[in-house]
Structure formats: C-alpha cells, structure tokens
Amino acid sequence: MASIVLTNVDKIYAGGVKAVNGLNLEIRDGEFMVLVGPSGCGKSTALRMIAGLEDISGGEISIGEKVVNHLPPKDRDIAMVFQNYALYPHMTVEENLAFGLKLRKMPKPEIQKRVGEAAKMLGLETYLKRKPAALSGGQRQRVAMGRAIVREPQAFLMDEPLSNLDAKLRVSMRASLNTLHERLGVTTVYVTHDQVEAMTLGDRVCVLRDGILQQVDTPQNLFDKPVNLFVAGFMGSPAMNFVTAELVRGDGGAAVTFADIKLSIPDSTFTDKPGLDQYVGKKIILGIRPSDFEDAGSAGNHANGWATLPVKVEVTEELGSEINVLFLIDAPPVEHKDTVAAADSGEDEEASLPLVGDKSLWTARVNARSHARSGQNLDLVVDTHNLHFFDSASGLAIGHEANR
Amino acid sequence: MTERLDGPQDPPADVAGGPSTGPAETPQRKRRLGPSPAVAIAFLLPAALLLGIWVIYPIVYSVFRSLFDATGTGFVGLGNYTTIFSDAGTLTTIRNNLIWVVVAPIVVTTIGLIFAVLTERIRWATAFKLIVFMPMAVSLMAAGVIFRLVYEESPDKGLANAVLTTVHDTFSSSQGYPEARPRGGDQSPVADQGGAVVTKQPAQAGQPVLVPIVGVKPELLPGDAQPAKAPAAGDGLSGTVWFDFTPGGGGTNNAVDGAEKGLPGMTVEAVRDGQVAATATTAEDGSFSFAGLPAGSYVVRLPASNFEAAYGGLSWLGPTLITPAIIGAFVWVWAGFAMVLIAAGLAAIPRDALEAARIDGATEWQVFRRITVPLLSPVLLVVFVTMIINTLKVFDLVFIIAPASVQPQANVVALEMWRVSFGGGNNQGLGSALAIFLLILVLPFMIMNIRRFRREDT
C-alpha cells in the first residue's frame, strides 16, 4: 500500500490538446479517491498516466515515495480494473486470475492459495474453469476485480468499472466495492462520470473539468460547499437550481430578489460567508439545492422561519419516498459557462424542456406526503440557511475558503 | 405451426389486395413454407449444372482416367499410383513438395505476423502495407520472371548475387587475379609453388625483388593500375609485382618495360624459415616494400589467395539451392497477403486486454506471446492452412524460375502432373493419378478450412 502523489501533471496529446493541465493531487495511503467529471475532462487520462499506459507530458507522479514517470506499468505494482473488464478471452477464470502471479514467478501453491481466496471473496468458486465468454456481465466484473485483488498491489486503479452493468447490479456492486475497500484497505483511485457513484464510494472526491482540478474534498463538503458553479451544478441529483439575483439590504435585513420573489437571508450567512456583504446591491448567481425545498403544507416544525415561495407545479416526478416538483421561475436561465458545462454531462434528468421559453425550470424535492400534482399551485418553503451565492462573472462561490 | 400460420388467412375475402393475399388465393391446398420443389430445382439447376460440368465431372473422369495407361485403352488398375511411389523422379517431386509444405507456410505466416505487428506501430503503416501487398497484384508468372532475373548467376544481372558480392566484398576485399601465373622459364626470378608465387632466390634488403606475372585477363586488370616502375635499390626489402606483358608486342621478359602495368592490391609476404615475417600490399604501380623488417634474407611470396577468382555469390539456380530460391519467391508473393489478413485480426484484438496484461506485469514480449498470438490464433490458422493449400498446388513459380537443366531437382507434384500429361510425357493416365494424389493431399486442409468458416458462422 502506498500513497500516490501527482505534482503539476500535464498531458498534452499530439495536436496540442491539453487533456490534463497542471494536476496536483495527493491520494493518501489506503484512501478511496474518486475522480469525477464530465466525459472528456481528463479523468481517465489521469488514471492511465498513474497506471503507466500514457506518457506523462509534464510534472511528476510518485507511488509510495518513488517517482514512476519512466517506469513501465509492470514495475509500478498497481492493478487496474477496466470498464469493459479486459479479461483474457482465451483463458479460464482461474488462468485469468493467476496470470499476473505467474508472470511474477510466484510459487504454484501460493498462486493457488491467492486465487482460491479471491474467488471465495468474490463468489467465483464455481466458475473457475469457465472462459469469460460463458460468464454474465456481473461475473466478468467480479473476475476483473479478482484479477486485481490477487496481485495484492500497492494501489487499485478503476476506470469506470461499473458503467457496463445494469442499474440494479451497479448498486449492489457499489456496495461490494465499499466493503471490499473496507476489508483490504488498499489505496484506490476510481474514475467515474456518475456523481452518485462518486458520492457514495469516495473517501474524497476530486472533481475535474477540462483537465483542470476544480475541488477535492469529502463528498459531503462537495455537496454543501461547492467551490464554484461547475461543482455546484455537477454534484447532486437533481442538480442545483440557479438564478441571477440581486442582493439587497433593506429594513428587515438582507435579502435576495429575483423574478418577483424576495428571499430574506439570515444574518448568520454573512458571518459564514465573509465577503458576501461586499456584493450588496450587486447581481449574483443564487443556487438552491432541490433538497432545501419543502412543501409548506407537509413541512414540520423544522421549517419554521424558512422563506415561502408560491409556485405553480409544472411536472411532478414521484419517486415513492419523495417527489420532484418541477416549476418555472420567471427569470431567464443562467447562461454561465460553468452551469452549461455541468448540465451537459450530468444526469440528464430534467434536461431543459424546450417549452419553458425564457424561464428557468427549477426542481424542488419534497416529501412524498405533499400530494403535489401537476398544474396545482403550491407553497414551497426554502431553507435560507443553505443558499449558495456565486460571483456572476467568475462563477466562484462567494465566501468559500478556497476563494478568499 | 402450419395451422397457426393458416388460421388468420382462412377468410380470404376479408383481405382485399395487398401483399399478404398471395398464399390466401389457394386456401384449399396443403400449403408449405417456402417455394415448391419445382421452383427450387429451377433455381438450383444452373448452379448444379455448372458445378457438374466444371467440377464434378472432371474429378470423376480424372479418377477413371488414372486407372488407364498412356493410350487410354489399357486398364492398369492402380499401376499409375504405384509408379508415383516407385519412380525416382516423382519421389523427388514428393520430397520437394514436402519441403515446400513444411517450410513455406511457416515462413510466410511468421513474416506476415512480424510485418503486421510492426506496421501497427509505425507512422507510414498504410504505405508500407501497400508496398508489401503489391506482389499480390503481380501474376505468379510475372513474379517467376522477376525472380528468374533476381537469381541470375552473374552479379551484374542477378540482384541476389549483386547484393551478396557487395556485402562480401565490404568485409573481405577480394582483389583476385584468377588464372594469372608467374612467368615460367629459367630466366624468371619467381616460380609457382602450390598456387603461390615465390622468389627462387632469397631476397635481401636493398636488393629489389622483381615478380613478373603473366596471364592476367585484361578485364580483370584494375582500372587504377599504373605503369610499373623498375624498383630502385632502397634501404628496406622492396620490389614490384607487375604484368610482364607489353600490349602490341615487344618488351623484355622478366624486366619492367615502360608500357607494362603494375598489379595493385596483391598481398605480398616476406617469409623466413617458413614463418611469415611481414605482409605488404602492392600499390597502384605494383610496388611494395616491407617496413621495419629486420635485416636478413627472405623468400618473397605471393600467397595463393591472390590468384583465386573473385567471390561471385551463390548459384541460386543450381540443383542444390533451387527449391529454397523458389520458396523465397513464393514468400515474396504471399507475405503481403498474410500480413494484411493478420493485421485485420490484430485490429480486432481488444486493446484493453493488452493493457491489462501490461499492468499485470507482462513485458512486451510476454504480451505478444501470451495474449496477442493466442488471440490471433484463428487468423494465423486460416493463413497457415491457406498457405499449405497454396504450396501444395505451386506450379507456375517452379515452372518459370527453374532453368530446364535443374527442373528435375526443382520439380513439384503439380508441375510433374502437367509435364507427364501435356509437357512432353504424354501419359495422361499417370498425370490423372498425380492430380488425384494432389487432390487427396489438399483435401484434409480444405475440410479443415471449411469447418472453421462454418463454426465461425454459427
């Protein structure tokens, strides 16, 4: 086991395309680090550079204190799990698992012991004599995992290992991956474009965009304190609602106004977000998580003091445990480059309806007891303690530690 | 099944026109799936007829004909077949075919594999592949003519020997004067001694050595040869090797005359008590001198290597090398085909599996040996079997490349079949027997290939 440190790592492809741009990242010993970002953000390239499958154009990568820039993959002591499993089709499951050990000239009994253990851990014992072609997707995925496990490497690298599985299997494999990491405690770098996977699996999550690191933090911190519009829009499902609003300070304290709505801001926000008071009287971009809404009718006492927002429900998505309420805000959609980039690639749950015209389509996640129906008028309450404010020019979160 | 299909069509009146009314027009008769046997036969007939005329009948007739003698009237049973295995000439052809089958497919497949793997990684892969594939566009006949020229004995005409002699001469200079010899007679200061030329009297320092040589072919005299100079008496042991012949007559034997040329590039040895004490090479005017030689008397010797013929390469079209030479031409023609097929197979190998192997700790060679080749094995097998069939049938290359004098040594079954039946033998009984023999040899590989294709289809 080892830590992996990337220092100013660049990857420039022929033609001058910069896939990874000055990436600095420290993956601690035993940590589960998830690299997440929309497709083409350079996350897979970064992983393949750690693996040694791509040349490093600039900077330095070290695994366990050793600079590996010029080491071939076989000398880096890492194991990789590929998206489409990359099993050796001409070998049985057993041979697939043992291949890496055989190449390392390990004694036969040791190979058998390790293969047996891994097969047991992954429930592959009955398939050892089969060829990959005779396995289902989930089984192949487990063989690919097993091939990494038997090697007992310094680090696991996983390149979207679950994306070829069906939704239900993906959820259960996600859980298995978590337990596996708990049990083995091996440093893991995991690449995915699925922010749900990133949130559930990662000890820390690294958000990349266009080869540039956006934010590295725990999943909860990414969700609660996104560093900029891109991270705010990319993490979380349904995505955060944005609107261009004006910050005003009136008689009853500070407030944000947009469309014809005015949300008052608690004073604590200004202490939490230093620098926010400088934006009073200016345009900012306001972000509200769908989960910070609640139906006024079914909200309990905890919603006391929350601001109320009367809306007309356009569409409801009933998920059983909760309802996504889609409604229109009479303000133009935020056209900041970061929100566009985040929406392009993220979960396309409510990819903008062309019907909405010059209005923003917002989502509120309310309790299933709310009985909200399409076409109804509904009073929503908003937890104003969790409002997110972004600079309308730079897209950076106002008052975030990293932006001070 | 039939009932279910018939069911909805029972009330034909409901359906007015449309494509589905076809079968419904004859609801009473027992209907089948697909066309009637008559239609089937009508469609099969042209193909069956052509196959029968061009394939089945010739095979059957060949079998029949192979049981008769040259005239076609006397039944000899399996006599022709026993002739195949008892006649020394046909046994040579069988031996040659065996060499072909063992060597050619392996070489072609290996070279094709190497080219395919290498072209995957180079920049101008397409151009390279095109060039390697080009021989396929040349007819085997033309390829034969080309290689007949390539294998020409004289380095001036044959590419193969030109390359060989050039390479050979780079490493060992062979400035030979074949058939040159010392001037004979008692007057001559030198004599022939087992191919070498030695001075009759031991030579001393300060006393020039004259080595008159005759019998140098004018075309072998180097262009840079200068007129020889009579050696001056110097300090060391020195002398002159020259062509003791004045063009147009005149001149004195055993003396250097004005028009006589020196022989450059001769190796000269100073020998004392049977040991070579010093070696020198003659200059353009034929003069030589031994530097730093201890005083004393020496025998001056021109070793026999001076009088050997220049290296002329190999006699490719001779009886010993003819089969390897023709196999070389065959490889030239087919390597491109193998390369293209294997390259296509290579492109279909999943990149990830190779990368996974690299991460698993395989070196590039191990990746190639344990992942690439096994995954390529179906393609390799197809290429290999196709090549076996091609080598068994090889005819034109042997016919064109082998000169008439070595045809018996180069002969293969297919060529022998033609020679026996039409090319002078005029024994179509034996020819048919050879044809059937060839067919039996090819058949297993054909079946193998067909099986493969069928398995891939399902």
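# Exercises on a predicted two-chain model

In the hairpin formed by β9(A) and β10(A), two residues lie between the strands, and A:D210 adopts a positive phi near 50°. The structure is a predicted model, and the exercises below work outward from this hairpin.

## Exercise 1. The turn residue A:D210

Locate A:D210 in chain A and decide whether A:D210 is buried, partly exposed or exposed.

*Solution.* Step 1: A:D210 belongs to the loop that separates β9 from β10 of chain A. Step 2: its phi is positive, about 50°, although the residue is not a glycine. Step 3: a residue is buried with 20 or more other C-beta atoms within 10 Å and exposed with 12 or fewer. Step 4: A:D210 has 16 C-beta neighbours inside 10 Å and therefore counts as partly exposed.

## Exercise 2. A second positive phi

Carry out the same kind of analysis for A:E65, stating where A:E65 is found and whether A:E65 is buried or exposed.

*Solution.* Step 1: the loop between β4 (58-63) and β5 (66-67) of chain A contains A:E65. Step 2: A:E65 is not a glycine, yet its phi is positive, at about 75°. Step 3: the cut-off for an exposed residue is 12 or fewer other C-beta atoms within 10 Å. Step 4: because A:E65 has 8 other C-beta atoms within 10 Å, A:E65 is exposed.

## Exercise 3. The pairing of β9(A)

Determine which strands pair with β9(A), and in which sense, parallel or antiparallel.

*Solution.* Step 1: strand β3 (residues 32-36) of chain A pairs with β9(A) in the parallel sense, through four bridges. Within this pairing, A:M33 has A:R204 as its bridge partner in β9(A). Step 2: strand β10 (residues 212-217) of chain A runs antiparallel to β9(A), and five bridges join the two. Here A:V207 faces A:Q215 of β10(A). Step 3: as for its surroundings, β9 (residues 204-209) of chain A is mostly covered, with five of its six residues buried.

## Exercise 4. The two domains of chain A

State how chain A is divided, and characterise the side of domain 1 of chain A that touches domain 2 of chain A.

*Solution.* Step 1: domain 1 of chain A covers 4-231 and domain 2 covers 234-403. Step 2: their C-alpha centres lie 36 Å apart. Step 3: the contact involves 16 residues of domain 1 of chain A and 21 residues of domain 2 of chain A. Step 4: on the domain 1 side, at least two residues each come from α6 (195-201), β9, α7 (219-224) and α8 (229-234) of chain A. The largest share, three residues, is that of α8(A). Step 5: by class, this side of domain 1 of chain A holds 10 nonpolar, four polar and two charged residues.

A further feature follows α8(A) in the chain. A:P238 occupies the loop between α8 and β11 (241-250) of chain A, and the peptide bond from A:S237 to A:P238 is cis, with omega near 0°.

## Exercise 5. Where chain A meets chain B

Describe the side of chain A that touches chain B by its elements and its residue classes.

*Solution.* Step 1: 17 residues of chain A are in contact with 15 residues of chain B. Step 2: β6 (78-81) and α2 (93-103) of chain A each contribute at least two residues to the chain A side. Step 3: the chain A side divides into 12 nonpolar, three polar and two charged residues.

## Exercise 6. The span of helix α9(B)

Compare the expected span of helix α9 (residues 322-347) of chain B with the separation of its end C-alpha atoms, and locate the bend in α9(B).

*Solution.* Step 1: the expected span is 1.5 Å times one less than the number of residues. Step 2: for the 26 residues of α9(B) this gives 38 Å. Step 3: the end C-alpha atoms are 37 Å apart, which agrees with the expected span. Step 4: α9(B) bends by about 40° at B:W334.

## Exercise 7. The chains as wholes

Tabulate the secondary structure, burial and contact range of chain A and chain B.

*Solution.*

| Property | Chain A | Chain B |
|---|---|---|
| Helices and strands | 10 helices, 20 strands | 15 helices, 10 strands |
| Buried residues | 45% of 404 | 33% of 458 |
| Share joining residues at least 24 apart, among contacts between residues at least 6 apart in sequence | 72% | 69% |

The C-alpha trace of chain A spans about 80 × 45 × 40 Å along its principal axes. Chain B is divided into domain 1 (79-162 + 316-457) and domain 2 (181-307), whose C-alpha centres lie 54 Å apart.

Note on methods:
Residues are numbered from 1 along each chain as its sequence is written. Chains are lettered from A and ligands numbered from 1 in the order in which they are written. This is a predicted model: local features need pLDDT of at least 70, side-chain atom pairs count only at pLDDT 80 or more; totals for chains, interfaces and linings use all residues. Two strands pair if DSSP finds at least two bridges between them. Domain bounds come from an automatic or database domain assignment. Two residues are in contact if their C-beta atoms, placed from the backbone, lie within 7 Å. Ala, Val, Leu, Ile, Met, Phe, Trp, Tyr, Cys and Pro count as nonpolar, Asp, Glu, Lys and Arg as charged, and the others, Gly among them, as polar. The bend at a residue is the angle between axes fitted to the seven residues ending there and the seven starting there.
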